[in-house]
Amino acid sequence: MLVAGFPTGLFAANCYIVATASGAECVVVDPGQDAAPAVAEVVREHRLKPVAVLLTHGHLDHMWAIIPVCGTYEAVCWVHPADRPMLADPLAGLPQEWAGALLGAGETFAEPDDVRELSDGMAVDVAGLAFTVDHTPGHTPGSVTFRTPYSGGRTPERHPGVRTDAGDEPPELMFAGDLLFAGSIGRTDLPGGDHPTMLASLADKVLPLDDRIVVLPGHGDQTTIGRERRTNPYLQGLQPEVSRPPSSLGANPIRYGAGEDHS
């Protein structure tokens with residue numbers, strides 16, 4: 001398995017590229033500001049073909065380069081419907097006073113040509129990889145995480161990837177977006193954020209997971225579920241049986257192949 005990760009833009013949002021091996025199709029997770037050149041470098045170095053972009057949520061720092069990345073490689077964009085409006089109107093999820101600082105004059109945004117919607121419990125099979133989608137609102141209404149089985153292998157030396165201890169291979173990787181960080185959680189004071197909902201998502205979707213799962217967050221260093229369970233102050237006192245508000249889309253597992261048309 002090949003996993004490359006690098007920070008992007010003003011907010012150092014992590015972008016990840018995932019493939020079964022060099023020379024294969026790949027998935028790009030959260031292409032943030034100025035991500036396109038770094039994506040292209042990894043693609044050239046490892047002879048990859050991006051076929052899908054997975055968005056953990058619709059905030060600008062995680063999807064700024066969605067048009068150049070999807071357009072260059074004709075990749076499908078996957079996003080939860082609650083955050084889909086932010087693709088064309090990213091300021092809908094940010095304070096209005098941030099507009100001048102973040103966006104240059106004449107900067108415009110739009111949906112990629114091929115956008116498909118995620119739902120809680122969906123299984124997305126793409127590029128030879130299987131991703132389980134968990135709807136985890138709180139940071140934004142459409143925040144999700146992606147979990148995929150970890151199959152071992154070497155990661156690119158020039159691009160920090162997954163580091164594991166010999167003999168303790170993680171069962172899964174979790175692309176956590178801005179749900180869970182090393183020692184912290186995502187902010188809930190932006191438009192659409194809600195702190196009680198965030199805590200419910202953490203209780204319902206994080207606490208039941210295997211301690212060995214490696215968490216690749218939207219900002220900062222990687223961690224594990226076990227480390228956060230033991231040390232993250234925001235997880236202390238939470239109970240797994242706490243239920244988050246039910247998704248309006250339900251939880252129907254649906255599998256999509258890389259070459260199928262479900263637009």
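A residue is called buried when its relative accessible area is under 20%, and exposed when that area is over 50%. In the predicted model described here, this distinction separates the two sides of helix H1. The buried residues of H1 are Ala 35, Val 39, Ala 40, Val 42, Val 43 and His 46. Viewed along the helix axis, these residues fall within an arc of 165°, so they line one face of H1. Pro 37 and Arg 44, by contrast, are exposed on the other side of the helix. A general property of helices is relevant to this pattern: an α-helix has 3.6 residues a turn, so residues three or four places apart point the same way.

Helix H1 itself comprises twelve residues, from 35 to 46. The distance from its first C-alpha to its last is 17 Å, close to the 16 Å expected at 1.5 Å a residue. The residue that follows the helix, Arg 47, has a positive phi near 55°. The buried residues of H1 pack against four strands, namely S1 (2-8), S2 (13-19), S3 (25-29) and S4 (49-54), and against helix H3 (66-73).

Helix H3 also has a buried side, formed by Ile 66, Val 69 and Cys 70. These residues cover an arc of only 90° around the axis, which puts them on the same side of H3. The face turned away from this buried side carries the exposed residues Gly 71 and Thr 72. Elements covering the buried residues of H3 include S3, H1 and S4, together with helix H2 (60-63) and strand S5 (76-79). Just after H3, Glu 74 adopts a positive phi of about 55°.

The packing of these elements can be followed further in the nonpolar cores. The largest nonpolar core contains 31 residues, among which Ile 17, Val 39, Leu 48, Val 53 and Leu 55 touch the most other members. At least two residues of this core come from each of S1, S2, S3, H1, H2, H3 and S5. The greatest contribution is that of H1, which gives four residues. Val 53 illustrates how parts of the chain meet: beyond its neighbours within four places in sequence, Val 53 is in contact with Val 28, Pro 31, Ile 66, Val 69, Cys 70, Ala 75, Val 76, Cys 77 and Trp 78. Among these partners of Val 53 are Ile 66, Val 69 and Cys 70, which are the buried residues of H3. A second, separate core has 26 residues, including Tyr 16, Met 122, Ala 127 and Tyr 150.

Aromatic side chains were examined next. The structure holds four aromatic pairs. In one of them, the rings of Phe 131 and Phe 146 have centres 6.4 Å apart and planes at 85°; an angle over 60 degrees counts as edge-to-face, so this pair is edge-to-face. Phe 131 belongs to strand S8 (residues 129-135) and Phe 146 to strand S9 (residues 144-149), so the pair ties together parts that are 15 residues apart in sequence. Both rings belong to buried residues: the relative accessible area of Phe 131 is 1%, and that of Phe 146 is 0%.

Phe 131 also pairs with Phe 175, with ring centres 6.4 Å apart and planes at 55°, so this pair is tilted. Phe 175 lies in strand S10 (residues 172-177) and Phe 131 in S8, so the pair ties together parts that are 44 residues apart in sequence. Phe 175, like Phe 131, is buried. Ring pairs link Tyr 16, Phe 131, Phe 146 and Phe 175 into a cluster. Tyr 16 is also one of the residues of the second core.

A further buried site was found at Met 86, in helix H4 (residues 85-88). The relative accessible area of Met 86 is 6%; because this value is under the 20% limit, Met 86 counts as buried. The C-alpha atoms of Met 86 and Gly 58 are separated by 5.5 Å, although the two residues are 28 residues apart along the chain. Apart from neighbours within four places in sequence, Met 86 is in contact with Gly 58, His 59, Met 63, Gly 93 and Thr 140.

Confidence in the prediction varies along the chain. The protein averages a pLDDT of 86, and 81% of the residues score at least 70. Over residues 154-159, however, pLDDT stays under 50, and the model has 18 contacts beyond four places in sequence for this segment. Residues 242-263 likewise stay under 50, with 46 such contacts in the model.

Technical notes: Residues numbered from 1 in each chain as written. Predicted model: local features only at pLDDT ≥ 70, side-chain atom pairs only at ≥ 80, totals over all residues. Heavy atoms only, no water. Expected span 1.5 Å × (residues − 1). Buried < 20%, exposed > 50% of the residue type's maximum accessible area, 1.4 Å probe, protein only. Arc of directions from axis to C-beta. Contact = heavy atoms within 4.5 Å. Phe/Tyr/Trp six-rings, centres within 6.5 Å; stacked < 30°, edge-to-face > 60°. pLDDT = per-residue confidence, 0-100. Core = buried A, V, L, I, M, F, W, Y, C linked by side-chain atoms within 4.5 Å.
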